[in-house]
Structure formats: C-alpha cells, structure tokens
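Here is a short briefing to read beside the sequence and the model. It moves from a helix to ring pairs and then to single residues.

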Amino acid sequence: MPAIWTAPVTWNVNQLVTAGDLNQQLRDNLEWLKTPPMASVILDQGADYTTTNTGAFTAVDATVLSLTLSVVSGNVLVGFHGTVEITGGNVAKLDVIRIGVGAVTGEDGMLSFRRVTSGSVYSVSFVRLLTGIPAGNQTFRLGWRVSGGTATLYAGAGTTDFNIHPQFWVREV
C-alpha cells in the first residue's frame, strides 16, 4: 500500500502513459482510498488511570494513548470507548488533544458526564470528524479533566468486575 495519496495528474493529449503512471494514479490511489492511514490502541495496562485535574485538558497517558498519523486530506476521524467512574456529584470530561494545538473542542470537551448515584460507572464513547488538519505528521492524545473529585478510566488492569479494555483510534478519511 502506498504511504501517501498522490495527487491525480491532468493527462495531456498524445501523452505517453507508462505502467508506472497507471499504477501510481489508479492502483495506488484506489488502495489508499480503501485503506487510509490509521492508528489505534486497545489498553491492557498494569493499573487503571485516575485524574483529579480540574484545569486544562491533560493527556490520560502521553505515551500509550498518543497516536500519530501522516495526514494528507485534512480530515481525521477519532474515536474512543471505555469505562469511567467519577466520585461525588462531579463531572468528568473527555476530549482529544492535538499536539501543538491543545484540546480539539475546547472548554467542555467532546463528552461530559456527571455522577448521579453512588457507585456510578459509565460506558462512554465518542466518534468525531476533525476537519482542517494540516498535512504532515499529526499526533492525537486522549485528554480529560474533572470538575472535582477523582475520575478513573478502567484500563484492563484486572480490576474486579471492571477488567475493561478501552480503545482509542484515529483514521484519515
């Protein structure tokens, strides 16, 4: 599969077309359209993640949950699903952080939820289309913050009843 999309050429009348031209312009670009660049991670960590951060969105894990794509089209689909618990009557918020830019959606994130009862645990997910992403290598991280208390992202750490394996992914579209 080609590493990147190749901009289609405008053919001239009487232009000699070689097998290499056709392979690049037809076969390779069609293969790229069928299987664009993507990156994903399914967590299977030794410990679950927690945060008490009430400030700007911070990375849940700046290494494991950090995905890099070589973007061509400027359009990236991002997604996450996992299980999160929040203490007190507090709100937890999730967003995507683009390195060099910050949180993608800003103040309230892509997803927010409030603890309503004791022992509330939530299955949370989002899918969002990001547009206007500059061409080149772009790094995306799952970010979070809380209004107070502690949020826990279960990360396949063997926690009784919550040995959940979240997934975070990015794909050019």
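Contact here means heavy atoms within 4.5 Å. With neighbours within four places in sequence left aside, T159 is in contact with D48 and Y154. The model is predicted. A search of the whole structure finds three aromatic pairs, and helix 1 bends by about 25° at D28.

**Helix 1**

- Helix 1 covers residues 19-34, which is 16 residues.
- At 1.5 Å a residue, helix 1 should span 22 Å; its end C-alpha atoms are 21 Å apart, so the two values agree.
- The bend of about 25° falls at D28, and D28 is also one of the buried residues of the helix.
- The other buried residues of helix 1 are Q25, N29 and W32.
- What do the buried residues of helix 1 pack against? Their partner is strand 12, residues 167-172.

**Aromatic pairs**

- The whole-structure search gives three aromatic pairs. Two of them are described here, beginning with F113 and Y122.
- The ring centres of F113 and Y122 are 5.3 Å apart, and their planes meet at 50°. Planes under 30 degrees apart count as stacked and over 60 as edge-to-face, so this pair is tilted.
- F113 has a relative accessible area of 10% and is therefore buried. Y122 is buried too, at 19%; the cut-off for buried is under 20%.
- Y154 and F162 have ring centres 4.8 Å apart and planes at 20°, so they are stacked.
- Is each partner of that stacked pair buried or partly exposed? Y154 is buried, with a relative accessible area of 7%. F162 counts as partly exposed, at 25%.

**K93 and the F57–R145 site**

- K93 lies in strand 6, residues 91-98.
- K93 counts as buried because its relative accessibility is 16%, and the limit for buried is under 20%.
- Which side chain makes a polar contact with the side chain of K93? It is that of D108, at 2.6 Å.
- Leaving aside neighbours within four places in sequence, the contacts of K93 include E107, D108, L111 and S112.
- K93 also contacts G143, W144, R145 and F57.
- F57 and R145 are themselves linked: the charged end of R145 sits over the ring of F57, 4.9 Å from its centre.

**The loop between strands 11 and 12**

- T159 is in the loop between strand 11 (151-154) and strand 12. A157 is found in the loop between strand 11 and strand 12 as well.
- T159 is partly exposed, with a relative accessible area of 26%. A157 is partly exposed at 25%.
- A polar contact of 2.4 Å joins the side chains of T159 and D48.
- Y154, the other contact of T159, belongs to the stacked pair with F162.
- A157 touches D48 too, along with Q45, G46, A47 and N163, not counting residues up to four places away in sequence.
- How far apart in space are A157 and Q45? Their C-alpha atoms are 5.1 Å apart, although the two residues are 112 residues apart in sequence.
- T159 and S118 are 41 residues apart in sequence and 18 Å apart in space, C-alpha to C-alpha.

Definitions and conventions
Residues numbered from 1 in each chain as written. Predicted model: local features only at pLDDT ≥ 70, side-chain atom pairs only at ≥ 80, totals over all residues. Heavy atoms only, no water. Helix = DSSP H or I, 4+ residues; strand = E, 2+ residues; numbered from the N terminus. Expected span 1.5 Å × (residues − 1). Bend = angle between axes of the 7 residues up to and from the residue. Buried < 20%, exposed > 50% of the residue type's maximum accessible area, 1.4 Å probe, protein only. Phe/Tyr/Trp six-rings, centres within 6.5 Å; stacked < 30°, edge-to-face > 60°. Lys NZ or Arg CZ within 6 Å of the ring centre and 35° of its normal. Polar contact = N/O pair within 3.5 Å; in protein donor to acceptor, adjacent residues only side chain to side chain.
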